[in-house]
Amino acid sequence: MKGIILKNAYYSAPFYVRQCERMREELAARGVNAEIRNNDFFPALIYGGKRKLDFDGDFCVYLDKDKYVGRLLTDGGIRLFDTIDSIVACDDKMRTAMLLADHGVPMPKTLPGLLCYRPEARVSERTLDLIESELGYPMIAKTSHGSMGMGVYKIDDRETLAAVAERLRLVPHLFQKFVGQSEGRDLRVIVVGGKTLGGMERIGTDFRSNIGAGGTGKACKPDDEAQALCEKIAGLLGLDYCGIDLLFGKDGYELCEVNSNAFFDGFENVTGIDVAGAYAEHIVRTMNKR
């Protein structure tokens, strides 16, 4: 069995490189030859009116979010971890909320951001009035696509709301009610193969809790409520592996977001849990059943 660990050629942060190496090491420990490759060799394309693959692995640990290459590989019979449907569902925060909305998953009140299609267009006062009345202050605005706390804004007043709405008007985004009880902290839970692996409380330097934005973490065993919620979410989205961020709401946990390609370097260091090993074990077990 051979696997390809496919990474984004234009992202080389040390923790990202270590994630790839850790996956290769753990797969090798289980007798699987895994090669780390950048995605810039065009592993899938359309040629002569047909899909064409340049991919010599039996499976792909897809550490990227390119939905087009992922779809072409999947349609060509390559098993992706995570699947491309799961990656697409998690990469768009508004889509994630929509997919989970009718399944009893608690989450903050959310409004889809209205898009302007022309650069000269401006967000109307009526739109601002409606956002303000629905969510109150403070509130959160997020770009629909983004990682490590980037593209997330805390809005405390009308002036800031108008400025952020103008900044985001040309890109997919959303607005959410602010969960004040969880300001600057959340619970990151790792789920592999449908089972909770462990948890880490993240504590930020501002309203965000992301370690990538300067936060710190400490080991925190998820309670039964958190485990059940995270395993339910992972099942609904069909995830092989994910990091789920829960907010500490007034009446219990609320979902912040779901990360299909969650970085686990910091999580392993803080908790001592072998995330790469558990993920590699799940991959091998899944492939052996095919």
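## A tour from Glu 26 outward

Start with Glu 26: its relative accessibility is 13%, under the 20% cut-off, so Glu 26 counts as buried. Keep in mind that this is a predicted model.

**Stop 1: around Glu 26.** Select helix 1, residues 14-28; Glu 26 has its place there. Now show the contacts of Glu 26, leaving out residues up to four places away in sequence. Asp 274, Ala 276, Gly 277 and Ala 280 appear. Keep helix 1 on screen for the next stop.

**Stop 2: the parallel sheet.** Select strands 2, 1, 5 and 6, in that order. These 4 strands form an open sheet with parallel pairing. Strand 2 (33-38) and strand 6 (79-81) are the edges, and each pairs on one side only. From one strand to the next, the twist averages 25°. Helix 1 packs on this sheet, where it touches strand 1 (2-7), strand 2 and strand 5. The direction of helix 1 makes about 175° with that of strand 1.

Next, zoom in on strand 5 (residues 59-63) and strand 6. They pair in the parallel sense over 3 bridges. Pick Cys 60: its bridge partner in strand 6 is Leu 80. Then add helix 9, residues 275-288. Helix 9 lies across strand 5 and strand 6 and runs at about 160° to strand 6.

**Stop 3: the antiparallel sheet.** Select strands 13, 12, 11, 14 and 15, in that order. These 5 strands make an open sheet, and the pairing is antiparallel. The edges here are strand 13 (216-219) and strand 15 (252-259), each paired on one side only. Neighbouring strands are turned by 30° against each other on average, direction ignored.

Zoom in on strand 14 (residues 241-249) and strand 15. The two run antiparallel, and 7 bridges join them. Label Phe 248 and look in strand 15 for its bridge partner, Tyr 253. Leave strand 15 highlighted.

**Stop 4: a cavity.** The structure holds 2 cavities of 30 Å³ or more. Go to the second largest, with about 90 Å³ of space. Which elements each supply at least two residues of its lining? They are helix 4 (93-100), strand 10 (173-177) and strand 15.

Select the lining residues in turn. Show Lys 93, Thr 96, Ala 97, Met 107 and Thr 110, then Lys 142, Leu 174 and Gln 176, and finally Leu 255, Cys 256 and Glu 257. Colour them by class: the lining has 5 nonpolar, 3 polar and 3 charged residues.

Note on methods: Residues numbered from 1 in each chain as written. Predicted model: local features only at pLDDT ≥ 70, side-chain atom pairs only at ≥ 80, totals over all residues. Heavy atoms only, no water. Pairing = 2+ DSSP bridges. Axes fitted to C-alpha atoms, helices over the stretch in contact; angles between N-to-C directions. Buried < 20%, exposed > 50% of the residue type's maximum accessible area, 1.4 Å probe, protein only. Contact = heavy atoms within 4.5 Å. 1 Å grid on protein atoms, 1.4 Å probe; cavity = no way out; pocket = protein on both sides within 12 Å on 5 of 7 lines; lining within 4 Å. Points joined across faces, edges and corners; volume = space filled by probe spheres on them. Nonpolar A, V, L, I, M, F, W, Y, C, P; charged D, E, K, R; others polar.
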